[in-house]
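Colleague: Let's zoom in on one part of this model: the cysteines. Tell me how they pair up and where they sit.

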Amino acid sequence: MQRCVVINRRSALTLVWIFVLSGIRQSQTDEAETKASTNDNGNSNEVAPYILRNFNETTQHVSLCQNSANTSCNELHFPCIRCLYNYTCHYGQDVYVNCSALYHVECLGSRWFWHQMNCRYCYQTEKWQQKCVLKGNCNSVNGQYYKTNCTVNSDVFCLGNRSFSRNIKCNWTQGYRWSTAVIISLTLGGFGADRFYLGHWQEGIGKLFSFGGLGVWTIIDVVLISLHYLGPADGSLYI
């Protein structure tokens, strides 16, 4: 025989109110846990304002720092030292960084020292502060650019990687002299000698058999070479 439980209206409202309060409290607890988890993850992904740039202490670095025994530690440069950089500094601001000599480097005085630097990344340094791998076989006359690898000088303090890629304007020569080209064009230009000298073989042959275009082509080439408009066929610059 089944028994029935009779609940009056007041008891029913009380039970409903208890369930509502329990749900609100549970939702608040879940929300607090979610915020705490988010904050923890955010803190773990934050970049520390001071970052240690530790360069690999390879055999090459050891050889570069072998003659530092009679040098003051604060006069050492990379890769013989490592520094604590402040990545929250403002661009162009002069700041001080705390540096130390690597453990295998022998030097005089305190191994920890301060050094002044200008707040900027290494790729933002001046061109004279960088050493880049120069390439040839590009067109210097048309101002062509090529991508190459550059490294800042050892005495430069900067943020980020010390080696990076950048675009450099093509500027190379194969030994062609502008004065020699002008003289050849004035004297033997009617026979295409100036074109042969600059490496324009096809035009030189055409100029030879047309007797310098009956003189017109010769005059045009003298003007073009004098104005540096006509250069070596390989795209290099005059010296």
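Modeller: Start with C99: its relative accessibility is 0%, so it counts as buried (buried is under 20% relative accessible area, exposed over 50%, partly exposed in between, with a 1.4 Å probe and protein chains only). Keep in mind that this is a predicted model, where local features need pLDDT of at least 70 and side-chain atom pairs count only at pLDDT 80 or more, while totals for chains, interfaces and linings use all residues. Residues are numbered from 1 along each chain as its sequence is written, and side-chain values use heavy atoms, leaving out hydrogens and water.

C99's partner is C83, buried too at 1%. The two form a disulfide (cysteine sulfur atoms within 2.5 Å), with their sulfurs 2.0 Å apart. C83 sits in strand 2 and C99 in strand 3, so this pair ties together parts 16 residues apart in sequence (strands are DSSP runs of E, at least two residues, and helices runs of H or I, at least four, numbered from the N terminus). The S-S torsion here is about 105 degrees, so the bond is right-handed.

Searching the whole structure turns up six disulfides. Another one joins C73 to C107, S to S 1.9 Å. C73 lies in the loop between helix 2 (59–64) and strand 2 (81–86), and C107 in the loop between strand 3 (94–101) and strand 4 (112–118), 34 residues apart. C73 is buried at 1%, and C107 is buried at 15%.

Then there's C122 with C158, S to S 2.0 Å. Their torsion is about 85 degrees, so that disulfide is right-handed.
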